[in-house]
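Hi,

Here is the structure I promised to pass along. Have a look at it first, and my notes follow underneath.

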Amino acid sequence: MENRNQFYNLTESEMIDLWKQVMHLETPRRDCTVEWDDGIDLDALLLTHIKQWYAHQLNTAPAKLLPIEDVAAQVSLTTSHGIVVATPPERCVRPIEWKLAEWQRSVTEFLDPCSHEAMLQLNEWTRGGASDPAIIDYGFQLLMMSTTSNTPQLERARCVVRPTDGSYQFHSDLLSTIPEWDLADKANPAME
């Protein structure tokens with residue numbers, strides 16, 4: 001069960017402040033005004049790192065630590081020869097649990113298009129069906145195997161989603177990955 005009380009929902013400026021705190025970049029207060037114009041724009045630099053970090057978390061972190069939404073009503077479906085082609089909305093980062101109404105169970109493991117299991121789905125005799133459904137994840141589209149209906153009903157389409165308001169939503173357990181992200185960045189010259 002997800003504990004939503006430990007979830008952050010931060011604006012861009014709140015996220016920058018959080019990163020400064022976690023990375024020990026806060027300037028101690030001395031009740032004076034100092035102007036400096038030849039240094040780096042720390043906020044802009046942090047924002048670049050924040051966007052990279054958040055995109056990485058949305059793609060790789062455990063789903064229970066991220067915003068999840070059922071987008072079934074927003075998915076476009078087309079059917080051809082028993083295969084359902086599903087196009088989720090752009091804000092869907094990755095599927096978590098999908099189910100057609102006629103299926104006996106949900107799919108929670110999605111096949112890589114290059115895998116042997118995915119190749120088996122291309123043959124009508126070896127592809128999944130109502131009792132053993134399968135879904136091939138192409139990123140922008142999902143091939144759902146299979147259906148006997150010309151108008152299949154999508155019962156569930158739970159995905160990790162990118163918040164529409166531009167906020168950063170994540171579980172507090174991901175805070176510990178922020179310093180690791182900074183160290184990984186310094187250890188990998190390709191990321192510079």
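Below is what I found, starting with how to read the model and then going through the sheets, one helix residue and the salt bridges.

This is a predicted model, in which local features need pLDDT of at least 70 and side-chain atom pairs count only at pLDDT 80 or more, while totals for chains, interfaces and linings use all residues. Residues are numbered from 1 along each chain as its sequence is written, and side-chain values use heavy atoms, with hydrogens and water left out.

**The sheets**

Helices (H or I, at least four residues) and strands (E, at least two) are DSSP runs, numbered from the N terminus. Two strands are said to pair if DSSP finds at least two bridges between them.

One open sheet has 3 strands in the order S2-S8-S5, and the pairing is antiparallel. Strand S2 (68-70) and S5 are its edge strands, each pairing on one side only. On average, neighbouring strands in this sheet are turned by 20° against each other, direction ignored; axes here are lines fitted to C-alpha atoms, for helices over the stretch in contact, and angles run from 0 to 180 degrees between N-to-C directions. Between S2 and S8 there are 3 bridges in the antiparallel sense, and Ile68 has Val160 in S8 as its bridge partner.

Another open sheet is built from 4 strands in the order S3-S4-S7-S6, again with antiparallel pairing. Strand S3 (76-80) and strand S6 (134-137) are at the edges with a single partner strand each, so one side of each has no neighbour in the sheet. S3 pairs with strand S4 (residues 83-87) over 5 antiparallel bridges, and Ser80 stands opposite Ile83 in S4.

**Helix H2 and Gln57**

H2 lies across S5 and S8 and runs at about 20° to S5. Gln57 is found in this helix, which covers residues 42-60. Is Gln57 buried or exposed? With 6% relative accessibility, Gln57 counts as buried, where buried means under 20% relative accessible area, exposed over 50%, and partly exposed in between (1.4 Å probe, protein chains only).

Apart from neighbours within four places in sequence, Gln57 is in contact with Leu66, Arg94, Leu174 and Thr177 (contact means heavy atoms within 4.5 Å). With Thr177 there is also a polar contact between the two side chains, at 3.5 Å. A polar contact is a pair of N or O atoms within 3.5 Å; within protein, one must be able to donate a hydrogen and the other to accept it, and residues adjacent in sequence count only if both atoms are side-chain atoms.

**The salt bridges**

A salt bridge is a side-chain nitrogen of Lys or Arg within 4 Å of a carboxyl oxygen of Asp or Glu. By this rule the count is 7.

One of them joins the side chains of Arg156 and Glu97 (3.2 Å, N to O). That pair links distant parts of the chain, 59 residues apart: Arg156 is in strand S8 (residues 154-161) and Glu97 in strand S5 (residues 92-100). Glu97 is buried at 17% relative accessible area, whereas Arg156 is partly exposed at 22%.

Glu97 also meets Arg158 in a salt bridge (3.3 Å, N to O), again between S5 and S8, with the two residues 61 apart. Arg156 has a salt bridge to Glu155 as well (3.6 Å, N to O). Glu155 is partly exposed at 39%. Through shared partners, salt bridges join Glu97, Lys99, Glu155, Arg156 and Arg158 into one network.

Best wishes
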